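Reader: I should like to learn how such a structure is read, feature by feature. Please give the general idea before each case.

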Amino acid sequence: MLDQKTLVKNIMTGKDGKLLIVIDNKSEELLEIDTYSIKGNYTNLDYQPVGSYQKFGVPSDVSYTLTFTEAVVRDDVIMAPLLEAAAAGKNISFSFRATAQRPDGTSQTLALDDCIPDGEFDLMTLTPGEVIKRNHSYRVNSAPTWLDKLAGF
C-alpha cells in the first residue's frame, strides 16, 4: 500500500531525467539538453449510427513525437549528420533513450527508435545575453517501448 511519506520521497523532478542518443549501438548522454517532451497523439473517427443522438469515437490511429531544446555546444552528433543527409537528398533517422530515476534508485527507460526530423529546426538563433539554443522536433516512426518500467512499492 502506498502511503503519503513513500509517495513524497519518490516523486521525480526534471533533474532526475536524461535524454540519450544511440550511436553504433551505444547510448551517449546528451548533456546539452535542458528540456524534452515525448507525446502520443491519439486520433478517433466520429461515428453516429442512424437514429442515435450520440456520436461515438472510433479509434483510428496514434502518432508519437519527441521535442527537445539543446544548448549549442556541439554539432557533430545530430546537426552535422542531419545537414549532410539533407545535402545528399536523403533523410536520416535517430534512436533515443529517455530515462528517469526515482530517489530510491529504480528507473524507467523509454526507447524511441526510427525518429525522423519533423517540422522546423533551429540551425542558428541568437539573442544577446541569452544562451544559444536549438529546438528539435522528431516524429517517432515506431511505437515507443519500455526497456525499464517503474513498479509500485
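Author: For a cavity lining, Ala, Val, Leu, Ile, Met, Phe, Trp, Tyr, Cys and Pro count as nonpolar, Asp, Glu, Lys and Arg as charged, and the others, Gly among them, as polar. This is a predicted model, in which local features need pLDDT of at least 70 and side-chain atom pairs count only at pLDDT 80 or more, while totals for chains, interfaces and linings use all residues. Residues are numbered from 1 along each chain as its sequence is written, and side-chain values use heavy atoms, with hydrogens and water left out.

Reader: Which residues line the largest cavity?

Author: A cavity is a set of points, on a 1 Å grid over the protein atoms alone, where a 1.4 Å probe fits but cannot get out; lining residues have an atom within 4 Å of a point. Here one cavity reaches 30 Å³ or more, and the largest holds about 40 Å³ of space, a volume being the space filled by probe spheres set on the points, which are joined across faces, edges and corners. Its lining consists of L30, E32, E70, R74, D75, D76, V77, I78 and M79. Four of these residues are nonpolar, none polar and five charged.

Reader: How many salt bridges does the structure contain?

Author: Side chains of opposite charge can pair when their charged atoms come close. The criterion is a side-chain nitrogen of Lys or Arg within 4 Å of a carboxyl oxygen of Asp or Glu. The count comes to nine. One of them joins E28 to R74 at 2.7 Å, N to O. E28 belongs to strand β2 (residues 26–29) and R74 to the loop between β4 (56–71) and α2 (79–87), 46 residues apart; helices (H or I, at least four residues) and strands (E, at least two) are DSSP runs, numbered from the N terminus. E28, E32 and R74 form a network of salt bridges.

Reader: Is the bridge between E70 and R134 made by buried or exposed residues?

Author: Buried means under 20% relative accessible area, exposed over 50%, and partly exposed in between (1.4 Å probe, protein chains only). The side chains of E70 and R134 meet at 3.5 Å, N to O. This pair links strand β4 with strand β7, 64 residues apart. E70 counts as buried because its relative accessibility is 3%, and R134 is buried at 5%.

Reader: What is the status of the residues in the bridge between D34 and K133?

Author: D34 is partly exposed, with a relative accessible area of 41%, and K133 is partly exposed at 33%. Their closest N and O atoms are 2.6 Å apart.

Definitions and conventions:
On a 1 Å grid over the protein atoms alone, a cavity is a set of points where a 1.4 Å probe fits but cannot get out, and a pocket is an open set with protein on both sides within 12 Å along at least five of seven lines; lining residues have an atom within 4 Å of a point.
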